[in-house]
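Here is a walk through one protein and its ligand. Keep the sequence and the coordinates open as you read.

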Amino acid sequence: MSSVSQTESLPRRATPRLQVVARDGQPPADGVDAKSAHVAAVGLHKSYYKGSIQIPVLRGVDLAVREGEFLAIIGSSGSGKSTLLHLLGTLDQPDQGEVLMAGKRIDNLPARRRDTLRNTQIGLIFQFYHLLPEMTALENVLSPRMIADGVFKYWARRREHEAEAKRLLDMVGLGHRLKHKPRELSGGEMQRAAIARALVSGPRILLADEPTGNLDQATGQEILNILRDLNVREKLTVVMVTHDLAIAEQADRIVRLVQGRVEQ
Ligand code: ADP
Ligand code: MG
């Protein structure tokens, strides 16, 4: 991977168009259908239950994300953005509908295969970073490797893994904070560490849930620049949930969740 500069301005893309995915499963206007998409949702339904009361959140979401696309998902608070992202990332399962990755259904895989898929293909980034508080930045970045490999295999290749983790931390501009614990890092630095952690297993897709939501505008923009750089230089597909229009407008395309569906 090339180095990501924090300050370098990224090429502006054309103003993103709102919404191109058809509601009834028809191929969308830009020709991406679920089968040829990098990741896609087809007719996704998801409800939560509070006692016996059903809270429908997603009511038939169709969405196809092209390989190499930078997509922003917007919608008001409670509209189901996180729910959708969790389903795309196999962190949760839909009640109805399918999630496809590279044309293959992934939502119904056995739990272990979903874990493996998530560990190898999908990088996840969250608003509140979800770093482990007792671990240093470097250890946090290494943690997915430790979990994926198990103690012995990890130990045998620890130098290689450490070199890769340092390279990634360097790339996101955190090479000088390897031994800092999360409480010794700023919000922007924690998010940089979380991005490096999301990249350590070499995923081809990044799912980011309000990655700038807890940051001031300038720091949020720096994080966005890193995500855009990864998208442009490393050809990573990025799906980013945000409620910040100024952030969303920098994506290739914006879709809006309204009443449990992708708005037409
Ligand atoms: P967003 O990310 O767009 O703010 P979410 O996907 O987090 O929205 O939540 C959508 C709706 O589902 C909200 O009304 C929320 O309260 C509800 N919800 C989310 N997670 C759960 C859960 N685990 N149990 C019950 N209700 C939930
Ligand atoms: Mg949310």
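Of the protein's 264 residues, 51% count as buried. The model is a predicted one. The protein has eight helices and eleven strands. Its accessible surface comes to about 12600 Å². Carbon and sulfur atoms hold 50% of that surface. Contacts reach far along the chain. Take those between residues at least 6 apart in sequence: 74% of them join residues at least 24 apart.

Start with the ligand. Which residues surround ligand 1? Two of them are Tyr-48 and Val-57. The others run from Ser-76 and Ser-77 through Gly-78, Ser-79, Gly-80 and Lys-81 to Ser-82 and Thr-83. By class, this shell holds two nonpolar, seven polar and one charged residues. Helix α1, residues 81–88, gives the most to the shell, with three residues.

Now look at the polar atoms around the ligand. A polar backbone atom of Gly-78 sits 2.7 Å from an oxygen atom of ligand 1. For a polar backbone atom of Ser-79, the distance to a ligand oxygen is 3.2 Å. Ser-82 uses its side chain: a polar atom there lies 2.9 Å from an oxygen atom of ligand 1. How much of the ligand does the protein bury? Taken alone, ligand 1 exposes 560 Å², and the protein buries 59% of that.

Stay with α1. This helix is mostly covered, with six of its eight residues buried. The buried residues are Lys-81, Thr-83, Leu-84, Leu-85, Leu-87 and Leu-88. Two of these, Lys-81 and Thr-83, also belong to the shell around ligand 1. Just after the helix comes Thr-90, with a positive phi of about 60 degrees.

A lysine in a strand links up with this region. Lys-46 is found in strand β2, residues 39–50. Is Lys-46 buried or exposed? Lys-46 counts as buried, because its relative accessibility is 9% and the limit for buried is under 20%. Leave aside neighbours within four places in sequence. Lys-46 then contacts Thr-83 and Leu-87, both of them buried residues of α1. Its contacts also take in the run Ile-55, Pro-56, Val-57 and Leu-58. A further group is Asp-92, Gln-93, Pro-94 and Asp-95. Val-57, one of these partners, is also in the ligand shell.

Next, the nonpolar interior. In soluble globular proteins, nonpolar side chains tend to be buried together. The largest nonpolar core here has 42 residues. Those with the most contacts inside it are Leu-169, Ile-195, Leu-199, Leu-206, Leu-227, Leu-230 and Met-240. Which elements give two or more residues to this core? Among the helices they are α3 (137–149), α5 (158–171), α6 (187–199), α7 and α8 (245–248). Among the strands they are β4 (70–74), β8 (205–209) and β9 (237–241). The largest share, seven residues, comes from α6.

Ile-195 shows how this core is joined. Not counting residues up to four places away in sequence, Ile-195 touches Ile-125, Val-172, Ile-223, Ile-226, Leu-227 and Leu-230. Apart from this core lies another, of 29 residues. Val-61, Leu-71, Ile-106 and Val-239 are among its members.

Helix α7 also carries a buried polar residue. Asn-231 lies in this helix, which spans residues 217–233. Its relative accessible area is 2%, so Asn-231 is buried. The side chain of Asn-231 makes a polar contact, at 2.7 Å, with the side chain of Arg-228. A distant part of the sequence comes in here too. Asn-231 and Phe-70 are 161 residues apart in sequence, yet their C-alpha atoms are 6.8 Å apart in space.

Finish with the backbone. Most residues other than glycine have a negative phi. Tyr-129 has a positive phi, near 70 degrees. Tyr-129 lies in the loop between β7 (122–125) and α3. With a relative accessible area of 5%, Tyr-129 is buried. Gln-259 also has a positive phi, near 50 degrees. Its loop lies between β10 (253–258) and β11 (261–262). Is Gln-259 buried or exposed? Gln-259 is exposed, because its relative accessible area is 67% and exposed means over 50%.

Notes: Residues are numbered from 1 along each chain as its sequence is written. Chains are lettered from A and ligands numbered from 1 in the order in which they are written. This is a predicted model: local features need pLDDT of at least 70, side-chain atom pairs count only at pLDDT 80 or more; totals for chains, interfaces and linings use all residues. Side-chain values use heavy atoms; hydrogens and water are left out. Helices (H or I, at least four residues) and strands (E, at least two) are DSSP runs, numbered from the N terminus. Buried means under 20% relative accessible area, exposed over 50%, partly exposed in between (1.4 Å probe, protein chains only). A polar contact is a pair of N or O atoms within 3.5 Å; within protein, one must be able to donate a hydrogen and the other to accept it, and residues adjacent in sequence count only if both atoms are side-chain atoms. Contact means heavy atoms within 4.5 Å. Accessible areas come from the Shrake-Rupley method with a 1.4 Å probe; for residues, only the protein chains shown count as cover. A residue is near a molecule or strand if one of its heavy atoms lies within 4 Å of it. Ala, Val, Leu, Ile, Met, Phe, Trp, Tyr, Cys and Pro count as nonpolar, Asp, Glu, Lys and Arg as charged, and the others, Gly among them, as polar. A nonpolar core is a set of buried Ala, Val, Leu, Ile, Met, Phe, Trp, Tyr and Cys residues joined through side-chain atoms within 4.5 Å.
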